[in-house]
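Ready for a few warm-up exercises? Take a look at the protein below, then try each task before reading its solution.

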Amino acid sequence: GAERMVRAERPNGAEAGVMHFEGERGAERRVRLERSDGTTNYYEGDKGAERLVSAQDNDGDFLHYEGGKGDERLVRLQRTDGHVQYYE
């Protein structure tokens with residue numbers, strides 16, 4: 001068949017929560033992780049090279065990242081109160 005994975009649930013561990021995937025069968029890539037602690041991580045990149053590009057914490061703040069997979073670094077924090085912090 002042409003089935004492809006669109007969702008995976010992990011009950012425990014560092015990535016506990018619900019992972020969402022997009023892409024054709026065999027090329028499914030992770031696009032979002034809804035963690036059990038209320039944080040949501042967003043990813044971009046091809047299968048196996050997905051990198052963290054942003055996250056929303058359980059307070060609603062957005063964190064923005066740059067860098068390749070495994071080398072992501074925080075570059076901007078947008079708080080719900082309107083404050084923005086930049087990082088180098």
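**Exercise 1.** Which residue lies over the face of tyrosine 43, and at what distance from the ring centre?

*Solution.* Keep in mind that you're looking at a predicted model. Start at the ring of tyrosine 43 and look over its face: arginine 30 is there, 4.3 Å from the ring centre. Now check that this counts as a charge over a ring: CZ of Arg has to be within 6 Å of the ring centre and within 35 degrees of the ring normal. Next, hunt for aromatic pairs; the structure has zero of those.

**Exercise 2.** Work out how many helices and strands the protein has, and in what order they come.

*Solution.* Count the helices and you get zero; count the strands and you get eight. Then walk along from the N terminus, and the order reads β-β-β-β-β-β-β-β. For the dimensions, follow the C-alpha trace along its principal axes: the spans are about 50 × 25 × 20 Å. Finally, take the contacts with a separation of 6 or more: residues 24 or more positions apart make up 1% of them.

**Exercise 3.** Decide whether threonine 40 is buried or exposed, and find what it touches.

*Solution.* First, place threonine 40: it belongs to strand β4, which covers residues 40–44. Its relative accessible area is 14%. Buried means under 20%, so threonine 40 is buried. Last, list its contacts, skipping neighbours within four places in sequence: Arg32, Leu33 and Glu34, plus Ser54, Ala55 and Gln56.

**Exercise 4.** Do the same for leucine 63: where does it sit, is it buried or exposed, and what does it touch?

*Solution.* Look in strand β6, residues 62–66, and you'll find leucine 63. With 17% relative accessibility, leucine 63 counts as buried. Leaving out residues up to four places away in sequence, leucine 63 touches Val53, Ser54, Ala55 and Asp57, and also Leu74, Arg76 and Leu77. For a distance check, try asparagine 41: it is 22 residues from leucine 63 along the chain, and their C-alpha atoms are 9.3 Å apart.

**Exercise 5.** What share of the residues is buried, and how many charged side chains of each sign are there?

*Solution.* Begin with burial: 30% of the 88 residues are buried. Turn to the surface next: the protein exposes about 5900 Å², with carbon and sulfur atoms supplying 43% of that. Then count charges: 14 side chains are positive and 19 are negative. To finish, compare where the two sets are centred: the centres lie 4 Å apart.

Technical notes
Residues numbered from 1 in each chain as written. Predicted model: local features only at pLDDT ≥ 70, side-chain atom pairs only at ≥ 80, totals over all residues. Heavy atoms only, no water. Helix = DSSP H or I, 4+ residues; strand = E, 2+ residues; numbered from the N terminus. Buried < 20%, exposed > 50% of the residue type's maximum accessible area, 1.4 Å probe, protein only. Contact = heavy atoms within 4.5 Å. Areas by Shrake-Rupley, 256 points an atom, 1.4 Å probe, with all protein chains shown as cover. Lys, Arg positive; Asp, Glu negative; His and termini not counted. Charge placed at Lys NZ, Arg CZ, Asp CG, Glu CD. Phe/Tyr/Trp six-rings, centres within 6.5 Å; stacked < 30°, edge-to-face > 60°.
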